Amino acid sequence: MPAVDAVRRVRAGRIALYLTLSAISLVMIVPFVWMLLTSVKTPADIGAVPPRLFPTKWAFGNYADALRAAPFATYARNSFVIAASHTVLNVVIASMAGYALARLRFRGSGLIFLGFVGALMIPTYTKILPEFLIVRFMPLFGGNDITGQGGTGWLDTWWALIIPGAVSPFSVFLFRQFYLDLPVELEEAARLDGLGELGIYARIMTPLVKPAFITVALLTFEGSWNNFLWPLLVTKSDSLRVIQVGLSVFRTENDTQWAFLMAGTTLATVPMVVLFLIGQRYFVQGFATAGIK
Amino acid sequence: MEYTRRSVLTALGLGAFAAATGCSASPSGDGQAAADGPAEGEITLLTPIFEGSTGKQLLEGKLLPAFKQKNPNVTVKVDYTTYAALNEKLTTGLAGGLMPDVVMLGVGWIPPFAHKKVLAPLPDSLATRFDYEDRVLEPSRYDGKLYALPLVLDTRIVTYRKDMFAEAGIKQPPKDWAELRAMAKELARTDGSGKLTRVGFDPFSIDLRQCWETFLFANDGNLFDESGQQVKFNDERGVEALQLFLDVIKDKSGDYSFKSAAGQPSTLAQGRSAMMMANNSLWVQLKEQNPELLAEDKVGAFILANKVPAMLQGGTLVARSASTKHAAAAQALVEFMGTPETILPTAAQRGSVPGVQDLRTSDYVKNNGFVKLALDNMNKARSEGGTPAWMEIREKIKTTLETAVVGQRTAQQAIDELANLSKQAISRL
Amino acid sequence: MAVISPPARVRDAAPGPATTPPPGRLLRSRRRAGLLMVAPALLHALIWIGIPLVAAVVLSFTSYDVLTPPRFAGLDNFRDLLGDDVFRRAVLNTSVYTFFTVPVAMAIALLIALMLNAKLAGRAIFRTAIFIPQVTATIAVALVWLWIYDPRSGLANAILSFLGLDGPNWLSSTSWAMPAVIVVGIWQGIGLKMLIYLAALQSLPTELYEAAAVDGASKVRQFISLTLPLLKPATFFVFVTSVIGAFQSFDQVYILTDGGPANSTTMMTYEIYKSAFREFRMGYACAQSLVLFALLLVLTLVNRRITGGDRASR
């Protein structure tokens, strides 16, 4: 019977789909699983010959010991504040800029867009010294006079941790692409209704690119949360340091405390995973009901 | 409109940047003068060690309070970094004119920094304050002056499996390279299909640069001349040192892919090598992960020798910046960091070798076989570095010599290439 | 068969069609709004990226060892660049790496995104699992791959010997280290691309597909004629950012291979990092950065010219 065959084909297709996805997922999570397993191993298990995947003794106490090694509560709080600030700032500012570049024609917008893309092409290590110097010589902060001399500028302050990373050209580019494809008719209709440009952006267009917002929010938070070098360079005080810097205490020059490092890293990764699980739920069909009549 | 705004900002940026780099990096000459006067003020200490879960407790819980007792008017602010990020911290600090008052540097870094007047010389009396082996102080000197004090040392020695030696009937560690090669051949094992399961000698578990340097010194060679302006390693002694690796590989008693990987036990611990170049800190690692090897006395170590015995000495030195505003305080801290009371717990915490001979009788040294060996043989210690162009040259050594190890070039070609690159670096000084 | 194509609804469709053009006042206010909305991001970029770029250009003409102030050096750095075999190798390696990782990762990511776009039970878990490499610490990722590539006890050679093949020395071999790094690059790059494609797919209008289904178009036909063209903006974005990202790969090299063996896997950013922060040759590092920047700029412009950029098809 063709109907039964069709159903069977669909089911076989489904099973194949599930199998493929499961296989791919397994391949992807191997390091994560390894990290989890290592975090509960004893040194004897880590040094076991031949190498063992599963611990023989489950050292859950590693987590408590790792947390005691440094003020991780403070680091986590700092990381959270910085990441949240970056996310909010970036999402607002970059989406505005992306929208403007995508939908509002003004002189130089093409060049500005190219500029943002070009900004991505400068390697981090090239920028980092000048960025540090700007922070250090920031006029009228941290004891600096108007020419930026004499004090320490933004060093060892929240400003240095938050402002330089507040907007990313990557996000501007991403928003622009997503705003590009929205129908002009919506815009014109809203204009006829009397909404200003900002209103159109905020009330009409933005809700239609929710996936873009979620994506930028997730990526910004994650990038900021995992940032190591910049916070290390611009802070000295322990009260301002972040999680990744804190985790580096487990990698000494001679030896690495693998179990503690993995425990700490797991703890640092879990919020990201949770955030992603929550965030991806908002990836719903954007246009399902907002059709054009 | 955008363009003019951009060009104005550009000009501002250019100007600010030029002013910044121009103004900041010139050190105030005062620091160079002797650190007279009372020790007071707030000083910064940049440290790449004292990490780990106990490092900070040691520094801030024990050592710095002891320092505070002796110098109540000095406050020390600690800036922790990792060795990997130490360079970034130093360069940004230097460029921004905010060099820390007291810094810790690696062996080999003193001539480049002293040459550019970033560090201030220390009074020579500090060299005789404790019982230092002369060799140990060599890397702290430049142009005849003392610029730093050794804190902890890390040496490269050859570790071996006593059980494998006994099994093969070998009674003594090799006295020279001929014996080393012969023993390596005997100790190597292959499986049925001819693939190596155990190498006789694994020189690749430490960085190729430091390994070759150890061999160069064991061959009575030198990296540079006294002034640090001439390349000396490209004579036949340097080539022979590199050639030994190639010979061991050719003998099939060693293999470049047989080296200890990060996160896994060493080839020696795994029984995959009979002899292995190692850092003395391996002892601590074995104690933690494979204590049975130590308990059953299966692991030993010896100093590499060919024409002379040589032990490569790396480590961390402590020095004071030339641009510090509190010279006396900074010097007091440097002096304090160089005392045995500071060195011993620091070394113990990391499994490193203490820099002073006075500590030979301490329990820590007595209970750590590798550290004891290193201290007993301190007069055979040699250090890398020795030229102000070291920071650049040191980066090139491994990648250039590697080409010979993987068979792309002969040893002579690789050494010549390295000599070429080094000469270019020196000419840029 | 009805011709299926997305309606011309993109911005660069005929500006102001048959209707009257908007009055000058409205156009001016739109322009002003545009400038205002882009201003914060632009200002931020000018300061934090523009100034460093200018600094890099200026410094590339100097000899700057950071320990002492910069010294004007004319074209010395660029002359040294021409003779720098290692950097030339890095340029080659980076190009090869990008050439292989970007298209493959993009294709796989798109396929996975398509699969995850459907209403599947447990798709949240699949999506998270596939995105996890992106959030897993680089050190954990690197250690696992180091173990996988271990010639003796690693997974890769274990699988190969199961299939009766003799595995190479992977990261210790000058011929196999680069392919090994490429595989890691592809593996790591999938998560982010998948996310972007997923977001893009979720933004596609369903009525179009409903109409196409009514017209009798097969799934494959729908994909080729509807989905792919509609995904052009996203694809352009993924492509450009992936190429830029691949060109700036650093972590893989730093932890997995240290640029070796014998410079067979070193990449441009790694060389730049070494020049700047290990060798204390900041001026030279800036010159190297300019080469990287120029290469990327040319690549992006060429790509834009060939594919028409992000202009979705009619």
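# Exercises on salt bridges and one interface

Both Arg281(C) and Glu392(B) are buried, where buried means under 20% relative accessible area, exposed over 50% and partly exposed in between, computed with a 1.4 Å probe on protein chains only. The model is predicted: local features need pLDDT of at least 70 and side-chain atom pairs pLDDT 80 or more, while totals for chains, interfaces and linings use all residues. Residues are numbered from 1 along each chain as its sequence is written, chains are lettered from A in the order in which they are written, and side-chain values use heavy atoms, without hydrogens and water.

**Exercise 1.** State what joins Arg281(C) and Glu392(B), and where each residue lies.

*Solution.* Start with the rule: a salt bridge is a side-chain nitrogen of Lys or Arg within 4 Å of a carboxyl oxygen of Asp or Glu. Arg281(C) and Glu392(B) form one, with their closest N and O atoms 3.4 Å apart. Next, locate the partners: Arg281(C) is in the loop between α12 (268-278) and α13 (282-307) of chain C, and Glu392(B) is in helix α16 (residues 390-405) of chain B, so the pair crosses between chains; helices (H or I, at least four residues) and strands (E, at least two) are DSSP runs, numbered from the N terminus.

**Exercise 2.** Set out the salt bridges Arg191(A)–Glu197(A) and Arg88(C)–Asp85(C), and class each residue as buried, partly exposed or exposed.

*Solution.* First, the side chains of Arg191(A) and Glu197(A) meet at 2.9 Å, N to O. Arg191(A) has 16% relative accessibility and counts as buried; Glu197(A), at 8%, is buried. Then take Arg88(C) and Asp85(C), whose N to O distance is 3.4 Å. These two lie in helix α3 (residues 85-117) of chain C, 3 residues apart, about one turn of the helix. Arg88(C) is partly exposed at 48%, and Asp85(C) is partly exposed at 49%.

**Exercise 3.** Describe the interface between chain B and chain A.

*Solution.* Count the contacts (heavy atoms within 4.5 Å): 44 residues of chain B touch 41 residues of chain A. Then list the charged pairs: there are 3 salt bridges between these chains, and Asp79(B) with Arg241(A) forms a salt bridge at 2.9 Å, N to O. Finally, find the elements involved: α1 (2-24), α2 (52-70), β2 (74-80), α3 (83-95) and α10 (282-289) of chain B each supply at least two residues of the side that touches chain A.
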